[in-house]
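Please look over this structure with its charged side chains in mind. Which of them pair up, and how exposed are the partners?

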Amino acid sequence: MIHKRKKTQKSFQNKIRNIIYMALDASTLITTLAGEENATLDSRFIRDEDERPNVAYNQFSDEIPIISLKGLLDDDDKRAEICNKMVEACEDWGVFQVVHHGVDDKLISDMTDLATAFFHLPPEEKLRFEMSGGKKGGFFMSSHLQGQPVQNWREVMGYFTYPIEARDYSRWPDKPEGWRDVTEIYSEKLMELAYKLLEVLSEAMGLEKDAFAKACVNMEQRLIVNFYPKCPQPDLTLGLNRHTDPGIISVLLQDQVGGLQVTRDGGKTWITVQPIQGAFVVNLGDHGHYLSNGRFKNADHRAVVNSNSSRLSIATLQYPVAQAVVYPLPIQEGEKAVLDEPITFSKMYMKTMIKEIELPKLNKLAKEQDSLKL
Ligand SMILES: O=C(O)CCC(=O)C(=O)O
Ligand SMILES: [Fe+2]
């Protein structure tokens, strides 16, 4: 019995160890491919028809609510109003936008400009941060998951910003000059904003205002800076495949190009979120979904690309410590828990990753088998 358990644990760990980053070289960078004359899309990026974009990157919807946080801290009526709007959005889409959020415009534009400049550096500068070999933080392409049957049309700089004592500055970009200092302030301001939002969401659930934060034990944070170069055949591919974010909430800054899409019917229909200068898009993640016992949706989203301009987005992922216990905070009488039993966040995350790796492979296999039967 003990022997069997050891074996199961081992194969789980092996699976996890395989989730590592691909080795990269300059010729394979998407910015390099995008710069080639008369480029057509390499077959690695071509998606099956049912996954391709069916709504344009710039056909914006007004269905995602835009919520002003003005008065949140000093006006009880306003706070109640904001709370109601957020709950409605979380129940409906798991997504809303916030304006008047207290993060300085200049900080936002500095962060955006420096991040954009990073992706225009020569390939060797970006490759100094490549992540093969299991490094924690740095530059990668397509997805953090290896072995996906189709690649995403994106380059990424991802680094861990909280907890502060665990920061590894050697994995933070050191160019363009000044980006590191700006990131420090940006990540602090976004952490403050995340706490404010989680207070409102806790109150909305009828809980103490620190309930969601407490469920994280200590809030951790990771920045995912996405760059989607112009794409020669954007209708055949995605910048980022359909997914939910694993953490409690994600706070996304996007430029004015457009490309973030959300679905609430399992991927049948999509809407494109309207970019708003200086606003943040807030997504509920899997952890937030479970804590609310499924009342709040975990935003089901993806990013599409286009052939007119490149696009930048900066996702600030807020999530709990690895050992935090994931289980619904409130379970109303007569209601069933969305989880069979409490699990740790790290286990929850690993399960999701394994599903994300296995599902596309299984889908591909099923499609191949179907075509053989015809
Ligand atoms: O680029 C976007 O709009 C989406 C980014 C995103 O979903 C992510 O980084 O998790
Ligand atoms: Fe995401």
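This report covers salt bridges and one histidine in a predicted model.

## Salt bridges overall

Side chains of opposite charge can pair when their charged atoms come close. In this predicted model, the count comes to 17 salt bridges. Three of them are described below, including a pair that joins two helices, a pair within one helix and a pair that belongs to a network.

## A link between two helices

E203 forms a salt bridge with R79. The closest N and O atoms are 2.8 Å apart. E203 lies in helix α6, which spans residues 179-204. R79 lies in helix α3, residues 76-92. The two residues sit in separate helices, so the pair ties together parts that are 124 residues apart in sequence.

The partners fall into separate exposure classes. E203 has a relative accessible area of 29% and is partly exposed. R79 has a relative accessibility of 13%, so R79 counts as buried, since the cut-off for buried is under 20%.

## A pair within one helix

D110 and K106 form a salt bridge, and their closest N and O atoms are 2.8 Å apart. Both residues belong to helix α4, residues 105-119. They are four residues apart there, so about one helical turn separates them.

What is the exposure of K106? K106 is exposed, at a relative accessible area of 52%. Its partner D110 is partly exposed, at 23%.

## A salt-bridge network

E125 pairs with R128 in a salt bridge. Here the closest N and O atoms are 2.7 Å apart. E125 is buried, with 17% relative accessible area. R128 is partly exposed, with 41%.

Which residues make up the network that includes this pair? E125, R128, D174 and K175 are linked in a network of salt bridges.

## The surroundings of H289

H289 is found in helix α8, which covers residues 286-291. Is H289 buried or exposed? Its relative accessibility is 16%, so H289 counts as buried.

Which residues does H289 touch, leaving out those up to four places away in sequence? The list is L284, G294, F296, K297 and N298.

Terms used: Residues numbered from 1 in each chain as written. Chains lettered and ligands numbered in written order. Predicted model: local features only at pLDDT ≥ 70, side-chain atom pairs only at ≥ 80, totals over all residues. Heavy atoms only, no water. Buried < 20%, exposed > 50% of the residue type's maximum accessible area, 1.4 Å probe, protein only. Contact = heavy atoms within 4.5 Å. Salt bridge = Lys/Arg side-chain N within 4 Å of Asp/Glu carboxyl O.
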